[in-house]
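Here are a few exercises to work through with the structure open beside you. Try each task before reading its solution.

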Amino acid sequence: MADRVVLITGAGSGIGKELAGRLARRGDHLVLTDVDEAAVAAVAEALRPTAEAAGGSTRHEVVDVRDPDRVADVVDQTWRDFGRIDVLVNNAGIGLGGSSEEMTAAHWQRVFDINISGVMHGVVAAYPKMLAAGSGQIVNIASLAGLVPAPHLAAYSASKHAVVGLSMSLAAEAHDTGVGITCVCPGFTDTPILDATGPADLPTTRFAGRGRQYAAGVPGGLYDVALLAADIERAIDRRQVLLVTPASARWMWRVARYAPRLGMVVARTAAARTRAALQPLVAGTGDSSASAVTAAAPEIVDVQAQVGR
């Protein structure tokens, strides 16, 4: 199906940007939002010729998903302009990693405000309209960290478990209403979030900016964001309830689900090795490079599985 109206949050980079590119080629009408005005404007402008050639369009809006009124405004305006929203992709998110003793209440609150409340605000704004229309689909981008233990990513993991719970519960509730719910749980993906050091107004943790080096130790390497976007596109087309991708992520999920004791042993081992590897950063001695941490804890990223976005 082409000519859909699709609203994507966090479309200025990463998963949102890549998915927008795929949907532009299908001729969808794209409403792209992001807190970074310059980034999302550039994406919308770059994709406009492609979308228009296929019969679609692009526009952009500056949206901080922490603001429920702003999210509702954009949903309402889109509905007035097009008469519907066929697909809402709640993609905007933040990845803050660090040992739990480093994570302040402000770190936790920021993660929850964006990763949980941001999704909730999209659902609250769009779901009643879709339900009344008897059609539509909501796609929530969660993470493998929402399905398995993720030491040193406790706040992030907790937020993504919440997104999974919200999505699966809403999917059951929405059954036979014409509204579909899709929850996406990717493993480590090659996006700019791997290089992020966190918000400037929050203390920096020892994990800041080291995601790419940690991810280098994952068997099979990072998942290509283009492949993930293709997976999401297929899941939308199939109205798939839960997408866990790639294959390595599905393996980890199955271990945690069907052999939870084994999954916890793996998680505890990775956590212990990670903490030991990071001790030089605390003491200010030894090799504090990210490559040294990865070498000392090669399976850390298997267990953390922080999704890039």
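**Exercise 1. Find out how many salt bridges a search of the whole structure gives, then trace what Arg4 and Arg26 do.**

Step 1. The search of the whole structure turns up 15 salt bridges. Keep in mind that this is a predicted model.

Step 2. Start with Arg4, which forms a salt bridge with Asp237; their closest N and O atoms are 3.5 Å apart. Arg4 sits in the segment before strand E1 (5-8) and Asp237 in helix H7 (residues 225-238), so this pair ties together parts that are 233 residues apart in sequence.

Step 3. Now take Arg26, which also forms a salt bridge with Asp237, with 2.9 Å between the closest N and O atoms. Arg26 is in the loop between helix H1 (14-25) and strand E2 (29-34), and Asp237 is in helix H7, so here the parts tied together are 211 residues apart in sequence.

Step 4. Check the surroundings. Arg4 counts as buried at 5% relative accessibility, and Arg26 is buried at 19%. Asp237 is partly exposed, at 42%.

Step 5. Put the pieces together: Arg4, Arg22, Arg26, Asp28, Glu233 and Asp237 are linked in a network of salt bridges.

**Exercise 2. Look at Asp201 and Arg110: where in the chain does each partner of this salt bridge lie, and is each one buried or exposed?**

Step 1. The two side chains meet in a salt bridge, 2.7 Å from N to O.

Step 2. Asp201 belongs to the loop between strand E6 (179-186) and helix H6 (211-215), while Arg110 belongs to helix H4; the two are 91 residues apart, so to speak a link between distant parts of the chain.

Step 3. Asp201 is exposed, with a relative accessible area of 55%, but Arg110 is buried, at 16%.

**Exercise 3. Work out why Cys183 and Cys185 are not joined by a disulfide.**

Step 1. The closest cysteine sulfur to that of Cys183 is in Cys185, 4.0 Å away.

Step 2. A disulfide needs the two sulfur atoms within 2.5 Å. At 4.0 Å, the sulfurs of Cys183 and Cys185 are therefore too far apart for a bond.

Step 3. The disulfide count comes to zero. As for cover, Cys183 is buried, with a relative accessible area of 0%, and Cys185 is buried with 0% too.

**Exercise 4. Describe the place of Ser159 and what its side chain reaches.**

Step 1. Ser159 lies in helix H5 (residues 154-173) and is buried, at 0% relative accessible area.

Step 2. Its side chain makes a polar contact with the side chain of Asn115 (3.1 Å). The side chain of Ser159 also reaches the backbone oxygen of Tyr156 at 2.6 Å.

Step 3. Leave aside the neighbours within four places in sequence, and Ser159 is in contact with Val111, Phe112, Asn115 and Ile116.

**Exercise 5. Place Tyr127 and then step back to the protein chain.**

Step 1. Tyr127 is in helix H4 (residues 105-133) and is buried, with a relative accessible area of 10%.

Step 2. Tyr127 and Leu88 are 39 residues apart in sequence, and their C-alpha atoms are 9.3 Å apart in space.

Step 3. Zoom out: the protein chain has 11 helices and seven strands. Of its 309 residues, 53% count as buried.

How values were computed: Residues numbered from 1 in each chain as written. Predicted model: local features only at pLDDT ≥ 70, side-chain atom pairs only at ≥ 80, totals over all residues. Heavy atoms only, no water. Helix = DSSP H or I, 4+ residues; strand = E, 2+ residues; numbered from the N terminus. Buried < 20%, exposed > 50% of the residue type's maximum accessible area, 1.4 Å probe, protein only. Polar contact = N/O pair within 3.5 Å; in protein donor to acceptor, adjacent residues only side chain to side chain. Contact = heavy atoms within 4.5 Å. Salt bridge = Lys/Arg side-chain N within 4 Å of Asp/Glu carboxyl O.
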